[in-house]
Structure formats: C-alpha cells, structure tokens
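Please open the model in your viewer and keep the sequence panel visible. The stops below are arranged so that each selection prepares for the next.

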Amino acid sequence: MNKTWPLLLLLASTAIVHAQPANPLDGTWRGRSDGGSCNAPLDYAITIEDGFVDGTAFDTTAHGPVPNLRKAPPPPPGPGLWQIHGMAKSASFRLLAVASVKHGDRRTERLNATAQAGVLVVTEDGGCGRTARLERK
C-alpha cells in the first residue's frame, strides 16, 4: 500500500497538468506592418507559448553606416531591431517592445495586440503608429 501512494499521486498530478487548457493564441505568428508615419515597415515574428509572448520586429529599411559626403553630422540611427515581450491572457493584450540601439539611447514602445478572426492585429500606441496583421504559421 505504501508503494502505491507515490504512483497514484504521480498519475493524479499528470492528469491535472494535461487537463489545463492550452492558450488558443499559442503558436508562431508572422507578418509585416504598414510604414506608419515613419514610412518604415516592420517584419514581425512572435511566438506565444502558454500565454508567454516573445518575439522580434525588424525594420527592413534600416541601413548601416553610410559615407557622409556633406561633412554634416549624421542623422541619428533608427532602431532596426525590436524585442517584444508580454503575456497573452485574453483575445486583447498589451506588449512591450524594446529597441536595439546604442548604449545610452533606450527606446521602448507599447503595443496593443488583438486576435480577430484568426489574425493577430498589433498596433503601436505611439511612435510611428504602425499596424501589423500577423498570421499563424
């Protein structure tokens, strides 16, 4: 009898773990945004696993250093890569995007995500005001 209790507890805990419903938004989402006011579209790749959101957004128009023929100060670099994090608890949730830029220049954006008919719509609160329609892959 003493040897069967641990086995019964193990089976019961396994049943409880498998009984928890998976998040309906789980999966890999990909898509491209419009350019917004900055005219710089982003390519999104977001993974949702058990409600945890992790992903990136990449600016395809971002360029590396270019020659400065006018000897004027170069324009400030725009963020080319955004790291996206958050929690998907319902069909509408908020995300945090942090830009990959040089040391002292920290850039963050708030994103709103909404699931609509099998599409995840991501919009920026501020900044360029871009809107992306992501599809599950």
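The tour proceeds from the whole chain to single residues.

**The whole chain.** Begin with a cartoon view of the complete protein, bearing in mind that this is a predicted model. The protein contains 1 helix and 8 strands. Read from the N terminus, its elements follow the order α-β-β-β-β-β-β-β-β. Switching to a surface display shows an exposed area of about 9,300 Å², of which carbon and sulfur atoms supply 59%. Of the 137 residues, 28% count as buried. Among contacts with a separation of 6 or more, 41% involve residues 24 or more positions apart.

**The barrel.** Next, select the strands. The 8 strands close into a barrel, arranged S1-S2-S3-S4-S5-S6-S7-S8, with antiparallel pairing. From one strand to the next, the twist averages 25°.

**Strands S5 and S6.** Now restrict the selection to residues 92–99, which form strand S5, and residues 108–116, which form strand S6. These two strands pair in the antiparallel sense over 7 bridges. Within this pair, display phenylalanine 93 and look across to S6, where alanine 113 stands opposite.

**Threonine 123.** Move on to strand S7, residues 119–124, and select threonine 123 within that strand. Is threonine 123 buried or exposed, or does it fall in between? Its relative accessible area is 25%, so threonine 123 is partly exposed, as values from 20% to 50% lie between the two cut-offs. Leaving aside residues up to four places away in sequence, threonine 123 touches Arg110, Leu111, Asn112, Arg130 and Thr131. Arg110, Leu111 and Asn112 fall within the residue range of S6, 108–116. For a distance check, select the C-alpha atoms of threonine 123 and arginine 133: the two residues are 10 apart along the chain, and these atoms are separated by 8.9 Å.

**The disulfide.** Finally, show the cysteine side chains. How many disulfides does a search of the whole structure find? The search finds 1, and this disulfide joins cysteine 38 to cysteine 128, with an S to S distance of 1.7 Å. The link is left-handed, with -85° about the S-S bond. Cysteine 38 lies in the loop between strand S1 (27–33) and strand S2 (42–49), whereas cysteine 128 lies in the loop between S7 and strand S8 (131–136), so the pair ties together parts that are 90 residues apart in sequence. The two ends have their own surroundings to inspect. Cysteine 38 is partly exposed, at 42% relative accessibility. Cysteine 128 is buried, with a relative accessible area of 11%.

Terms used: Residues numbered from 1 in each chain as written. Predicted model: local features only at pLDDT ≥ 70, side-chain atom pairs only at ≥ 80, totals over all residues. Heavy atoms only, no water. Pairing = 2+ DSSP bridges. Helix = DSSP H or I, 4+ residues; strand = E, 2+ residues; numbered from the N terminus. Axes fitted to C-alpha atoms, helices over the stretch in contact; angles between N-to-C directions. Buried < 20%, exposed > 50% of the residue type's maximum accessible area, 1.4 Å probe, protein only. Contact = heavy atoms within 4.5 Å. Disulfide = S-S within 2.5 Å. Areas by Shrake-Rupley, 256 points an atom, 1.4 Å probe, with all protein chains shown as cover.
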